[in-house]
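Here's a walk through this model, one region at a time. Keep the sequence and the 3D view open while you read.

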Amino acid sequence: GYLFVCEEIARYIEMNLERVGPVSITIEKIPLAEFNGPRTKTEVRSVSVMSMRLDALLAAGLQLSRSKAAELVRAGRVQINHQQCNNLSAILELDDLVSVRGFGRFRIGEKGGTSRKGRTFLEIIRYI
């Protein structure tokens with residue numbers, strides 16, 4: 001884990017914090033400028049959807065049926081850009097972040113054009 005503290009308390013924590021619950025820990029102090037954070041693992045997939053509606057993108061992004069995606073929305077388990085959304089027909093934009101409690105999250109990536117039947121090709125960036 002990471003703990004960000006002001007300089008005044010850093011030395012005190014470094015000298016006194018030895019355990020978190022039953023687990024022994026070690027502390028490594030690094031300057032904030034050198035902190036890179038954890039690496040986020042993603043998986044990029046190309047999908048085609050009929051529209052940019054929430055239910056269609058949920059189904060494509062999580063590889064579910066549209067009816068299962070609709071159940072998740074109605075159950076209040078879906079957030080768009082950290083805001084709960086209960087509207088199945090909400091239109092999503094590029095770079096929107098979709099989170100589904102119990103299923104993970106994904107971001108809408110770049111558009112890749114349309115098919116002859118009018119389907120839109122998109123990149124789905126799923127966080128794993």
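## The sheet

Let's start with one pair of strands: β4 and β5 run antiparallel to each other, and two bridges hold the pairing. One of the residues to look for is glutamine 79, whose bridge partner in β5 is glutamine 84. Keep in mind throughout that this is a predicted model.

Zoom out and that pair turns out to belong to an open sheet of six strands, in the order β3-β8-β7-β6-β4-β5, with antiparallel pairing. At the edges sit β3 and β5, each of which pairs on one side only.

For a look at β8, try threonine 120, which is placed in that strand. Is threonine 120 buried or exposed? With 12% relative accessibility, threonine 120 counts as buried, because the cut-off for that is under 20%. Setting aside neighbours within four places in sequence, threonine 120 contacts Val47, Ser48 and Val49, and also Lys111, Gly113 and Thr114.

## The nonpolar core

As a rule, nonpolar side chains in soluble globular proteins tend to be buried together. Here, the largest nonpolar core has 23 residues, and the ones with the most contacts inside it are Leu54, Leu58, Val78, Val98 and Ile108. Several elements give two or more residues to this core: the helices α2 (54-62) and α3 (66-74), plus the strands β3 (42-49), β4 (78-80), β6 (97-100), β7 (104-114) and β8 (120-127). The top contributor is α2, which gives six residues.

Leucine 58 is a good residue to click on. Leaving out neighbours within four places in sequence, leucine 58 is in contact with Gln63, Ala69, Val73, Val78, Val98, Val100 and Phe106.

## A nonpolar patch on the surface

There's nonpolar material on the outside too. Leu3, Val5, Ile9, Tyr12, Leu17, Val20 and Ile27 make a nonpolar surface patch of about 620 Å². One of these, isoleucine 9, belongs to helix α1 (residues 7-16). Its relative accessible area is 36%, so isoleucine 9 is partly exposed.

## Salt bridges

Side chains of opposite charge can pair when their charged atoms come close. How many salt bridges does this model have? The count comes to four. In one of them, glutamate 7 meets lysine 29, at 2.9 Å from N to O. Since glutamate 7 is in helix α1 and lysine 29 is in the loop between β2 (23-24) and β3, the pair ties together parts 22 residues apart in sequence. Glutamate 7 is exposed at 55% relative accessibility, while lysine 29 is partly exposed at 44%.

Another salt bridge joins the side chains of aspartate 95 and arginine 107, at 3.7 Å from N to O. This one links distant parts of the chain, with aspartate 95 in the loop between β5 and β6 and arginine 107 in strand β7, 12 residues apart. Arginine 107 is partly exposed, with 21% relative accessibility. There's also a small group to find: Arg53, Asp55 and Arg66 are joined into one network by salt bridges that share partners. Within that network, arginine 53 and aspartate 55 meet at 3.0 Å, N to O. Arginine 53 is partly exposed at 28% relative accessible area, but aspartate 55 is buried at 6%.

## Loops worth a look

Most residues other than glycine have a negative phi. Aspartate 95, the salt-bridge partner of arginine 107, has a positive phi, near 75 degrees. Histidine 82 also has a positive value, with phi near 70 degrees. Histidine 82 is in the loop between β4 and β5 (83-84), and is exposed, with a relative accessible area of 52%.

Finally, take serine 51, in the loop between β3 and α2. Serine 51 is partly exposed, at 24% relative accessibility. Not counting residues up to four places away in sequence, serine 51 touches Ala56 and Leu57. Between the C-alpha atoms of serine 51 and lysine 41 there are 27 Å, with 10 residues separating the two along the chain.

Notes:
Residues are numbered from 1 along each chain as its sequence is written. This is a predicted model: local features need pLDDT of at least 70, side-chain atom pairs count only at pLDDT 80 or more; totals for chains, interfaces and linings use all residues. Side-chain values use heavy atoms; hydrogens and water are left out. Patches are made of residues with over 30% relative accessible area and no salt bridge: like charges are joined within 9 Å, nonpolar side chains (Val, Leu, Ile, Met, Phe, Trp, Tyr) within 5 Å. Accessible areas come from the Shrake-Rupley method with a 1.4 Å probe; for residues, only the protein chains shown count as cover. Helices (H or I, at least four residues) and strands (E, at least two) are DSSP runs, numbered from the N terminus. Buried means under 20% relative accessible area, exposed over 50%, partly exposed in between (1.4 Å probe, protein chains only). A nonpolar core is a set of buried Ala, Val, Leu, Ile, Met, Phe, Trp, Tyr and Cys residues joined through side-chain atoms within 4.5 Å. Contact means heavy atoms within 4.5 Å. Two strands pair if DSSP finds at least two bridges between them.
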